[in-house]
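Biologist: Could you walk me through this one? I'd like to go step by step.

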Amino acid sequence: MSSVWAHHWAWLLALSFVFGCNVLRILLLSFSSFMSRVLQKDVGESQMRVEIKDMKQALSMVNMMDEFARYARLERKINKMTDKLKTQMKAWTALLRKIKWVISVAFYILQADLMISLIWNKWITPLDLAGGVGITCWILVCNKVVAVVLHPFS
């Protein structure tokens, strides 16, 4: 009876480990996206957008024919601020992409390392019974099922 319980606990351990790693990776990626948005707002993106909006409103009140110099100056200022905002947004997007890549790679390495240690050290030996599914195959199946189930949340 105890080998049957060990067998069930071994399957549960492998599945819960795979599920936990994937959930943690998704949560960290979501957290990094949230933090980048918060930091992006702190950098002054919203302030720059408000300034651009105000300048565009002021530009719409200036008559291009009567005050061409003022109109052109204001238009150049708007273009400069817009370019600065675009550059800043590209930098933040690149930083976010790097953060997500590092987190994903770190978790894939951690997950692979722990899976290999499960297989190598034969911690879940009840699974390697004759005619049974091996731990390697079971871990791959669990990983795919968990990935499919968690896909809508990622």
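**Starting at the surface**

Modeller: Sure, and keep in mind that the model is predicted. Let's begin with Phe 34, which is partly exposed, its relative accessible area being 47%.

Biologist: Which helix holds Phe 34, and which residues make a nonpolar surface patch with it?

Modeller: Phe 34 has its place in helix α1, residues 2-43. The nonpolar patch it belongs to covers about 370 Å². Its partners there are Leu 24, Leu 28 and Phe 31.

Biologist: Going inside now, which helix gives the largest share of the largest nonpolar core?

Modeller: That core has ten residues, among them Met 48, Ile 52, Tyr 71 and Leu 85. Two helices, α2 (45-61) and α3 (68-120), each bring at least two residues to this core. The largest share, five residues, comes from α3.

Biologist: What does Leu 74 touch, if we skip its neighbours within four places in sequence?

Modeller: Leu 74 is one of the core residues. Contact here means heavy atoms within 4.5 Å. With those neighbours left aside, Leu 74 is in contact with Met 55, Ala 58 and Leu 59.

Biologist: How many residues are in the second, separate core?

Modeller: Its members include Ile 26, Leu 118, Val 146 and Leu 150. Counting the full set, this second core has eight residues.

Biologist: How far apart are the end C-alpha atoms of residues 99-120?

Modeller: An unreviewed UniProt entry places "transmembrane region" at 6-28, 99-120 and 132-153. In the model, the span 99-120 is 100% helix and 0% strand. Its end C-alpha atoms lie apart by 31 Å.

Definitions and conventions. Residues numbered from 1 in each chain as written. Predicted model: local features only at pLDDT ≥ 70, side-chain atom pairs only at ≥ 80, totals over all residues. Heavy atoms only, no water. Core = buried A, V, L, I, M, F, W, Y, C linked by side-chain atoms within 4.5 Å. Buried < 20%, exposed > 50% of the residue type's maximum accessible area, 1.4 Å probe, protein only. Helix = DSSP H or I, 4+ residues; strand = E, 2+ residues; numbered from the N terminus. UniProt positions renumbered as here; feature names shortened; annotations may be inferred. Patch = residues over 30% accessible without salt bridge, like charges linked within 9 Å, V, L, I, M, F, W, Y side chains within 5 Å. Areas by Shrake-Rupley, 256 points an atom, 1.4 Å probe, with all protein chains shown as cover. Salt bridge = Lys/Arg side-chain N within 4 Å of Asp/Glu carboxyl O.
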